[in-house]
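Biologist: I keep running into labels for residues and contacts, and I'd like to know where they come from. Can we go through some together?

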Amino acid sequence: MELIDQWAERYIIDAQQKGELDNLPGSGKPLQLDDDSLVPPELRAGYRLLRNAGYLPVELQDRQEALTIVELLSQLEAQYTPHDNYQNLRKRLALLELRLRQAGLSTDFLHQEYQHKVVDKLSKEE
């Protein structure tokens, strides 16, 4: 990796001397760095490349799908009518929750019962 770092540093210095890096958008502003402290150092560059290319790690794809299913289920429950896919969605959500837990992620965001109770109580007090 040292050879690549030296090559990149030399390329940056050449570009600075030629003035190619002057007046770039965001110049003089603080960098917006992502918190990748939980990603092992040897994987950070790869994860950053994938994220910048629009790809998400499997865990985040599962999280996104789980949130979508929770929203769908809440809409179906609000209609008070049985739906053919309700049980399939519940099973898929259970599977995603298990996969997220196995990946070491919290699944508290899927269970918003407590949040709803607090909102209801606060809205009644007003």
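Modeller: Sure, and keep in mind that this is a predicted model. Let's start with L21.

Biologist: Okay, why is L21 called partly exposed?

Modeller: Its relative accessible area is 35%. Buried means under 20% and exposed means over 50%, with partly exposed in between. So L21, at 35%, gets the middle label.

Biologist: And where does L21 sit?

Modeller: L21 is in the loop that runs between helix 1 (2-18) and helix 2 (41-52). Together with I12 and L24, L21 forms a nonpolar patch on the surface, and the accessible area of the three adds up to about 230 Å².

Biologist: What makes L21 fit for a patch?

Modeller: A patch residue needs over 30% relative accessible area. L21 has 35%, so that condition is met.

Biologist: N23 is in that loop too, right there between helix 1 and helix 2. Why does N23 count as exposed?

Modeller: The relative accessibility of N23 is 77%. The cut-off for exposed is over 50%, so N23 qualifies.

Biologist: What makes the phi of N23 worth a look?

Modeller: The phi of N23 is positive, about 55°, although N23 is not a glycine. Most residues other than glycine have a negative phi. There's a positive phi after helix 2 as well: G54 follows that helix, with a phi near 95°.

Biologist: Speaking of helix 2, how do you know that its length agrees with what a helix should span?

Modeller: Helix 2 has 12 residues, and at 1.5 Å a residue they should span 16 Å. The end C-alpha atoms are 17 Å apart, which agrees.

Biologist: How many helices and strands are there in the whole protein?

Modeller: Five helices and zero strands. Read from the N terminus, the order is α-α-α-α-α.

Biologist: On to aromatic rings. How many aromatic pairs does the structure hold?

Modeller: One. W7 and Y11 form that pair, and the pair is stacked.

Biologist: What makes W7 and Y11 a pair, and why is the pair called stacked?

Modeller: Their centres are 5.9 Å apart, and rings pair if the centres lie within 6.5 Å. The angle between the planes is 20°, and planes under 30 degrees apart count as stacked. So W7 and Y11 pass on distance and on angle.

Biologist: How far apart are W7 and Y11 along helix 1?

Modeller: Four residues, so they are separated by about one helical turn. An α-helix has 3.6 residues a turn, so residues three or four places apart point the same way. As for accessibility, both W7 and Y11 are exposed.

Biologist: Now the salt bridges. How many does the structure hold?

Modeller: Three. One of them joins the side chains of D62 and R99, at 3.0 Å from N to O.

Biologist: What makes D62 and R99 a salt bridge?

Modeller: The nitrogen has to be within 4 Å of the carboxyl oxygen. At 3.0 Å, D62 and R99 meet that cut-off, so they count. D62 is in helix 3 (residues 58-79) and R99 in helix 4, so the bridge ties together parts that are 37 residues apart in sequence.

Biologist: Are D62 and R99 buried or exposed?

Modeller: D62 is buried at 6% relative accessible area, while R99 is partly exposed at 32%.

Biologist: Which residue forms a salt bridge with E65?

Modeller: R92, with the closest N and O atoms 2.8 Å apart. This pair also links distant parts of the chain, since E65 is in helix 3 and R92 in helix 4, 27 residues apart. E65 is partly exposed at 29%, and R92 is partly exposed at 28%.

Biologist: And E97, why does that one count as buried?

Modeller: E97 has 12% relative accessibility, and buried means under 20%. So E97 is buried. E97 also forms a salt bridge with R101, where the closest N and O atoms are 2.8 Å apart. Both E97 and R101 lie in helix 4, four residues apart, about one turn of the helix.

Biologist: What does E97 touch farther along the sequence?

Modeller: Leaving out residues up to four places away, E97 touches T107, L110 and H111.

Biologist: How much of the protein counts as buried?

Modeller: Of its 126 residues, 13%. The protein exposes about 11100 Å², and carbon and sulfur atoms supply 54% of that.

Methods: Residues are numbered from 1 along each chain as its sequence is written. This is a predicted model: local features need pLDDT of at least 70, side-chain atom pairs count only at pLDDT 80 or more; totals for chains, interfaces and linings use all residues. Side-chain values use heavy atoms; hydrogens and water are left out. Patches are made of residues with over 30% relative accessible area and no salt bridge: like charges are joined within 9 Å, nonpolar side chains (Val, Leu, Ile, Met, Phe, Trp, Tyr) within 5 Å. Accessible areas come from the Shrake-Rupley method with a 1.4 Å probe; for residues, only the protein chains shown count as cover. Helices (H or I, at least four residues) and strands (E, at least two) are DSSP runs, numbered from the N terminus. Buried means under 20% relative accessible area, exposed over 50%, partly exposed in between (1.4 Å probe, protein chains only). The expected span of a helix is 1.5 Å times one less than its number of residues. Rings of Phe, Tyr and Trp (its six-membered ring) pair if their centres lie within 6.5 Å; planes under 30 degrees apart count as stacked, over 60 as edge-to-face and the rest as tilted. Contact means heavy atoms within 4.5 Å.
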